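Biologist: I've got a fold on my screen and a few bench-style questions about it. Can you walk me through it?

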Amino acid sequence: MIAQRLGISRTAVAAGLGLYRGKTVALTKEIKERIVETAKEMGYRPNRFAQNVAGRNSGVLGVMSFGGIGQATTQRTKEVSRAIQNAGYEMILHEVGWDSPENASLVLHLLMDYHVEGVILIEPTDWFDFSLISKCQENGTPVVLMGGRKPRDIPHVIADEYLGMRELVGGLIERGARHLTLLSPLYTRPDMAESTAHTERGSGFVETIRENGGTIVEGLSSKIPKRKIVGTLMDIEPILDWGDPYRSGYVGMEKVLNHAPLPDVVCCMNDDWAFGALRRCRELGVNVPEDLWLAGNDGLIMSAYGETPLTTIEQPWAKMATEAVGMVVQMLGGEKISRKNTIRRIPPTLVWRRSTEKLPGRREGRGGC
């Protein structure tokens, strides 16, 4: 139909819409623009399976998400979808889940069966077997990671988690905090060493405390040095109920509140934990920010709402998605990603809200003083 209206060949139309794989058809810029505009006017939708059989480009990028049901997953996926559409492609999304190792191989093979042109992995987990990607590489299908583990030699876009935590802790100290507690999912454990977010957020906390002349205290120590900055690492075992992302923060905050002395601020590894922690504070009669400051991480939309808006580190998911899709498109165009540019870090944004607000009469810097 498009070919008839424009009086050109079907081959030229297919080339103008970018449907051919491994074949170049010379077209002028004007003809390409007319083909695209006519396709839009006619509401053209390509038959992807017919394109695959004919050896044409599918025009589809596959996305594997490992985030489960959380709001962070929704926000990340939305940004990836938008970036893919802006690049002129369509998306096939499969949710693997945080706790479903057996699904990863199945999903990847399905994407290959769909003949997707490239694959983006969102937050691949610690258990993901990256040898599975070899099938994509054998087929010449570009693979880019967005967040999650940081394997070698695979293009990867990540937030600068270390920088974000340093800015948060440094800002809290400037605001008067002297005893800071980090609710951490056992980031020091060897079997969690591959988790970029866990290790870099934890390292940012520890090193900023030490650079400010502070001391790091492990766990539930009652020996808090007086008149000195102190960082307490409260290691909390992640709750293995993946349907309740708030439970770990709820349980972790109960341990903090049942232990003396009460810190000035509790920093949570993510906003979900902070929401659970805030709920437990209210139940036990501890007011935020009057009695205790609370900070999260991720920048979930809901962190700005509620009775106590949450200070958080807003992750640059939109920029990360645009960068990840851009790397896929770059490789599809025949350009290689240099070893120097294999990992691209994007700084997050620190957002101060009421949960760490300085209030008149609040006794700052308790820290055992």
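Modeller: Sure, and keep in mind that this is a predicted model. A handy place to start is L182, which stands opposite C267 in β9.

Biologist: How many bridges join strand β6 to strand β9?

Modeller: Strand β6 covers residues 179-184 and β9 covers residues 265-268. The two run parallel, and the number of bridges joining them is four.

Biologist: What is the strand order in the open sheet?

Modeller: The open sheet has five strands with parallel pairing. Its edge strands, each pairing on one side only, are β7 (215-218) and β10 (293-295). From one strand to the next the twist averages 20 degrees. Read across, the order is β7-β8-β6-β9-β10.

Biologist: Which strands does helix α10 touch on the sheet?

Modeller: Helix α8 (residues 161-174) lies across β6, β9 and β10, at about 150 degrees to β6. Helix α10 (residues 247-257) packs on the sheet too, with its direction making about 145 degrees with that of β6. The strands α10 touches are β6, β8 (230-235), β9 and β10.

Biologist: I spotted C267 and C268 side by side. Why is there no bond from the sulfur of C267 to the closest cysteine sulfur?

Modeller: A disulfide is a covalent bond between the sulfur atoms of two cysteines. To count here, the sulfurs must be within 2.5 Å. The closest cysteine sulfur to that of C267 is in C268, and it is too far for a bond because the gap is 7.7 Å. The number of disulfides in the structure is zero.

Biologist: Is C268 buried or exposed?

Modeller: Buried means under 20% relative accessible area. C267 counts as buried at 0%. C268 has a relative accessible area of 1%, so the word for C268 is buried.

Biologist: How many of the 13 residues of α11 are buried?

Modeller: Helix α11 runs over residues 271-283 and reaches 19 Å from its first C-alpha to its last, close to the 18 Å expected. Its buried residues, W273, F275 and L278 among them, pack against β6, α10, β9, β10 and β11 (312-314). The helix is largely enclosed by the rest of the structure, because the buried count is 10 of the 13 residues.

Biologist: Which residue caps the N-terminal end of α11?

Modeller: At the other end, α11 is followed by G285, whose phi is positive, near 80 degrees. At the N-terminal end, a side-chain oxygen lies 3.2 Å from the backbone nitrogen of D272, and the capping residue that supplies this oxygen is N270.

Definitions and conventions: Residues are numbered from 1 along each chain as its sequence is written. This is a predicted model: local features need pLDDT of at least 70, side-chain atom pairs count only at pLDDT 80 or more; totals for chains, interfaces and linings use all residues. Side-chain values use heavy atoms; hydrogens and water are left out. Buried means under 20% relative accessible area, exposed over 50%, partly exposed in between (1.4 Å probe, protein chains only). Two strands pair if DSSP finds at least two bridges between them. Axes are lines fitted to C-alpha atoms, for helices over the stretch in contact, and angles run from 0 to 180 degrees between N-to-C directions. Contact means heavy atoms within 4.5 Å. The expected span of a helix is 1.5 Å times one less than its number of residues. A polar contact is a pair of N or O atoms within 3.5 Å; within protein, one must be able to donate a hydrogen and the other to accept it, and residues adjacent in sequence count only if both atoms are side-chain atoms.
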